[in-house]
Amino acid sequence: MGVRGGRDAARPTLSGVNSPEDLALYTELTEAVGALPAGQQPEWPDPAAVHDAVAQLRAMPPLVFAGECDVLRERLAAVSRGEAFVLQGGDCAETFAGVSADNVRNKLKTLLQMAVVLTYAASVPVVKIARLAGQYAKPRSKSTETRDGVTLPAFRGDIVNDFEFTPGARVPDPHRMVRAYHASSATLNLTRAFVGGGFADLHQVHAWNTDFVRTSPAGQRYERLARRLDQALKFMRAIEIDTDQLRTVELYSSHEALLLDYELALTRVDSRTGAPYDVSGHYVWIGERTRQLDGAHLEFAARIRNPIGVKVGPTTTPDQLLALAEKLDPQREPGRLTFVTRMGAGKIREALPALVQKAAADGLVASWICDPMHGNTYEAASGHKTRRFDDVVDEVRGFFEVHRALGTHPGGIHVELTGDDVTECVGGGDPIAEDGLGSRYETVCDPRLNRTQSLELAFLVAELLESSN
C-alpha cells in the first residue's frame, strides 16, 4: 500500500511511538487545536473512557509511513502541473462488518478497472487513492435522528456509534476508535497483500472483469479494451520488455480527517525529518462542514505534512479559496494542496470558473478534483437517499468544460463507489429505476455507484481526458 507496498519509501522506525518528541507534538497539537471551535464532534459521555482510548491509540504503530506520504505528494505535484490524473474512490462510510477479503478485493477490482480504462484509453498516468482504511467517521446535518416519534443521537459512523436505531447503540463510545484503528490495519494488510501478491498485475485485466460486470454494456466495452491491452503486453514480452511496474500498483489510502481525537492520537514525528505526519492515512481531507478558517480542523491540517484536500462547494468565494490556500499551503508547495469541488450538476458551470481564475491569477499550485456525488443527492419517493447517474456525469462534464475553457488542468475525480452490485444510484447503462432502489440498498450513509456505473463513468472521463489532451 503506497509505493508498491511501501518498499521504495523510507520508513521510520517504531521507536518514535510514545517518544518524548511524540509527546511534545501531541501536547502542542491538543493545545492549539483544542483552543478552537470544532464542529461535527461526538458528545462523549465518559471523559475517562476517551482518555483510555486515546492512550491506546497513541501507543499503536503507524498505519502508514511518512515516506509514502512524501511520494504521494510528488505524484500530486505532477497532477498540479497537468501531467497526471487522480482517481479517488471508495465507500461513503466504511463499516466494521465490511472488513473482509471479498469486500476489499471487490473495491480494488473497481479501482483497478477504472484506472486501466483511464490510463490506456486516455494515455495519462493515474494516481490511485482509495477511500479506504479510515473512512469510518461521517459528518451529519443534524445531531439527532427521529423515527416514529423516537429521537436518538445521529449515526456518526462506526468509529463513534452503531447504525442500529436503539438507545444503547447510538451512545458514542470512544473505544470504537481503537476498533477503527484495528479495522483500518486489517484493511491495509489485505490491500498490501493483494497489491503485492499479484492481484494488481496488469496481466490479470481479464480476471478483474468478473461476475455481474462482465455482461453489462460497460463490462463488454472493458473486455474489448482488455483484449487490446493483452495484445500490447504480448508484444512487449515478444521483444523481451518486461518490468515489475506491470505487476503491481501504487495505491494510497485516504479519509476525511473528521474525528479529531482519533487524528491527533495518530499524529507522529517522522524520525527522518522531525516533521509531524498524520499516520492514520496517506492523504486526508477537510470537509465543507468543517473547513472554517478559525476552526480546529483547518488548524490541525495546517500543522501536518501529509498531502491535504479541502472540499469547496458552490457558496465558496474566491477570497475564501485564497484564504484556505494561505492557511494550508502558505509556501505554495506543489502536491501539498488539492481543492475537491462538490458543486452539483446545476451549479458547477456557474460557480467553478471564478474560483479557478482566482487561483490561477494568484499563482496557486493546487490540484483540482471533481466530487460529482455530494452535490447531487436527493430523496426518492421510496424514501431512499439517491443520486441520478446522469447528474453525476453532467457535473463531471461541467468540470472538464470549465477547465478546458480556462486552459487549466482537470486534475481528477473523487467518487463514492463500491465493488458490489448495489442499487443505490439511479440510472446508468445497465439502468436502475427509483422503484428498484430497495432491492440492494446497502449503504449506511450516502448512495454509491456500483461497479458497472463506476466503470461507465471511467470510460466517460477517459473520453473527456483524451479530448482535453
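Here is a short walk through this structure, from its nonpolar cores to its annotated binding site. Keep in mind as you go that the model is predicted.

Let's begin inside. In soluble globular proteins, nonpolar side chains tend to be buried together. Here the largest nonpolar core holds 117 residues, and Phe 339 and Leu 457 are the members that touch the most others. Helix α5, residues 101-122, is the top contributor to this core, giving 10 residues. A second core of 14 residues is separate from it, and includes Val 71, Leu 76, Ala 78 and Val 340. For a closer look at the largest core, centre your view on Leu 457: leaving aside residues up to four places away in sequence, Leu 457 touches Phe 389, Val 392, Val 393, Val 396, Ile 413, Val 415 and Leu 449.

Now turn to the binding site. An unreviewed UniProt entry carries the annotation "binding site" for Cys 92, His 374, Glu 416 and Asp 446. These residues span 355 positions in sequence, yet no two of their C-alpha atoms are more than 10.1 Å apart, so they gather at one spot. His 374 and Asp 446 from this set also belong to the lining of the largest pocket.

Two of the annotated residues are worth visiting in turn. Cys 92 sits in the loop between β1 (85-90) and α5. Because its relative accessibility is 0%, Cys 92 counts as buried. Beyond its sequence neighbours up to four places away, Cys 92 has contacts that include Arg 131, Lys 138, Glu 416, Cys 445 and Asp 446. Glu 416 belongs to strand β14, residues 412-416, and is buried as well, with a relative accessible area of 0%. With the same sequence neighbours left out, Glu 416 touches, among others, Cys 92, Arg 131, Lys 138, His 374, Arg 387 and Asp 446.

Next comes the largest pocket itself, with a volume of about 990 Å³. Its lining is made up of 34 residues, and those nearest the pocket centre are Arg 140, Ser 141, Lys 385, Cys 445 and Asp 446. By type, the lining divides into 16 charged, 10 polar and eight nonpolar residues. Strand β3 supplies the largest share, four residues.

Finally, step out to Gln 331, in the loop between α11 (318-328) and β10 (337-341). Gln 331 has a relative accessibility of 68%, and therefore counts as exposed. From there, Leu 364 is 33 residues away in sequence and 9.9 Å away in space, C-alpha to C-alpha.

Notes: Residues are numbered from 1 along each chain as its sequence is written. This is a predicted model: local features need pLDDT of at least 70, side-chain atom pairs count only at pLDDT 80 or more; totals for chains, interfaces and linings use all residues. Side-chain values use heavy atoms; hydrogens and water are left out. A nonpolar core is a set of buried Ala, Val, Leu, Ile, Met, Phe, Trp, Tyr and Cys residues joined through side-chain atoms within 4.5 Å. Buried means under 20% relative accessible area, exposed over 50%, partly exposed in between (1.4 Å probe, protein chains only). Helices (H or I, at least four residues) and strands (E, at least two) are DSSP runs, numbered from the N terminus. Contact means heavy atoms within 4.5 Å. On a 1 Å grid over the protein atoms alone, a cavity is a set of points where a 1.4 Å probe fits but cannot get out, and a pocket is an open set with protein on both sides within 12 Å along at least five of seven lines; lining residues have an atom within 4 Å of a point. Grid points are joined across faces, edges and corners, and a volume is the space filled by probe spheres set on the points. Ala, Val, Leu, Ile, Met, Phe, Trp, Tyr, Cys and Pro count as nonpolar, Asp, Glu, Lys and Arg as charged, and the others, Gly among them, as polar. UniProt positions are given in the numbering used here, feature names are shortened, and annotations may be inferred rather than shown by experiment.
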